[in-house]
Amino acid sequence: MVTLGADWQLSSWEADDIAEVSGYHAKKRALDVALASLAALALSPIAAMVAVAVRLDSRGPILYAQERVGIDRRRANGPTPIRGNRRKRQGFGKPFTIYKFRSMVADAEKLTGAVWAKERDPRATRVGAFLRRSHLDEIPQLINVLRGDMSMIGPRPERPQLFGNLVAQIPQYALRCRTLPGITGIAQIKNGYDDSLQSAARKVQYDLYYIRRASPVLDLKILMSTAMIFVRGKQHE
């Protein structure tokens, strides 16, 4: 079991105060819709070219759909406590379908089951390897933002098949579900691909920091850092 340091501890009650009561978390939706709409419009010509390239490069669908764990909006039954509607028991988020341009061969996990992707994954197609380096495979997730499944900025959503084991090993992992998952975030910028329990624990540290400190200024810094990653082609999950 991995335990986070004292500076990163965040109880479920504290997470409820931030993720369910915080004015900024509640107001992010309008910003998400505006940014996702502008990005979708600006990137539509590139998305069309990527779709053609994926289709011509390898057998399989253009878009890759995968189930991920989203925000945990369940609330406790009964009277609302003084400082908000809280629960004493941690829960997992509601599953949703995430969309990407397909970057791997068809049925990439048929023999292995759900596993973490690697930075230089041998299952990636020729076009897919470029898409992963450039992050162009993430463009369809703007659909998820517009649908309300995701935010532009937040914790990266994990697959249900891996989520339960991670919670068992990292008790604070479930608290990442107290806010909408995001396309980008501090953990995506700083941590890179998850390839071990230790890297997943580092991701939790960054995600809980964001849940505590989310603000327009912090989001602006994350967006600027993300733009630099697109330019440099640094990989993250």
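**Buried polar contacts and salt bridges in the predicted model**

The side chain of Gln 66 is joined by a polar contact of 2.9 Å to the side chain of Tyr 64, and a further polar contact, of 2.7 Å, links the side chain of Gln 66 to that of Arg 68. Gln 66 belongs to strand 1, which spans residues 63–69. Because its relative accessibility is 11%, and buried is defined as under 20%, Gln 66 is classed as buried. These values, like those that follow, come from a predicted model.

The chain as a whole comprises eight helices and four strands, which follow one another along the sequence in the pattern α-α-β-β-α-α-β-α-β-α-α-α. Of its 237 residues, 49% count as buried. Among contacts with a separation of 6 or more, 80% are made by residues 24 or more positions apart.

Confidence in the model varies along the chain. The mean pLDDT is 78, and 72% of the residues reach 70 or more. Among the elements of the chain, the lowest mean pLDDT, 46, belongs to helix 1 (residues 12–21), whereas helix 4 has the highest, 97. Over residues 1–21 the pLDDT stays under 50, although the model has 62 contacts for this stretch beyond four places in sequence. A pLDDT below 50 is also found over residues 76–90, a stretch with 28 contacts in the model beyond near neighbours in sequence. Where pLDDT is low, the predicted coordinates should not be read in detail.

Five salt bridges are present in the structure. In one of them, Glu 138 is paired with Arg 156, with the closest N and O atoms 2.9 Å apart. This pair connects distant parts of the chain, since Glu 138 is located in the loop between helix 3 (126–134) and helix 4 (141–147), while Arg 156 is located in the loop between strand 3 (151–153) and helix 5 (160–169), and the two are 18 residues apart. Both partners, Glu 138 and Arg 156, are buried.

Another of the salt bridges is formed between the side chains of Arg 176 and Asp 207, with an N to O distance of 2.6 Å. Here too distant parts of the chain are linked, Arg 176 being in the loop between helix 5 and strand 4 (182–184) and Asp 207 in helix 7 (residues 197–213), 31 residues apart. Arg 176 and Asp 207 are both buried; for Asp 207 the classification follows because its relative accessible area is 3%, against a limit of 20%. The side chains of Asp 207 and Arg 176 are likewise joined by a polar contact of 2.6 Å. When residues up to four places away in sequence are not counted, Asp 207 touches Pro 155, Arg 176 and Ala 187.

A salt bridge is also formed by the side chains of Arg 159 and Glu 158, with an N to O distance of 4.0 Å. Arg 159 counts as buried because its relative accessibility is 7%, under the 20% limit, and Glu 158 is buried because its relative accessible area is 2%, judged by the same limit.

Empty space inside the model was examined next. Rolling a probe the size of a water molecule over the atoms shows where empty space is left. The count comes to two cavities of 30 Å³ or more, and the largest cavity has a volume of about 60 Å³. The lining of the largest cavity consists of Val 69, Gly 70, Ile 71, Pro 155, Arg 156, Pro 157, Glu 158, Phe 163, Arg 176, Cys 177, Thr 179 and Pro 181. Several salt-bridge partners thus recur in this lining, including Arg 156, which pairs with Glu 138, Glu 158, which pairs with Arg 159, and Arg 176, which pairs with Asp 207.

Helix 3 was considered in more detail. Its N-terminal end is capped by Thr 125, a side-chain oxygen of which lies 2.8 Å from the backbone nitrogen of Gly 128. Gly 128 is itself one of the buried residues of helix 3, together with Leu 131, Arg 132 and Ser 134. An α-helix has 3.6 residues a turn, so residues three or four places apart point the same way. Just after helix 3, His 135 adopts a positive phi of about 70°.

Methods: Residues are numbered from 1 along each chain as its sequence is written. Side-chain values use heavy atoms; hydrogens and water are left out. Buried means under 20% relative accessible area, exposed over 50%, partly exposed in between (1.4 Å probe, protein chains only). A polar contact is a pair of N or O atoms within 3.5 Å; within protein, one must be able to donate a hydrogen and the other to accept it, and residues adjacent in sequence count only if both atoms are side-chain atoms. pLDDT is the predictor's confidence in each residue, from 0 to 100. Contact means heavy atoms within 4.5 Å. On a 1 Å grid over the protein atoms alone, a cavity is a set of points where a 1.4 Å probe fits but cannot get out, and a pocket is an open set with protein on both sides within 12 Å along at least five of seven lines; lining residues have an atom within 4 Å of a point. Grid points are joined across faces, edges and corners, and a volume is the space filled by probe spheres set on the points.
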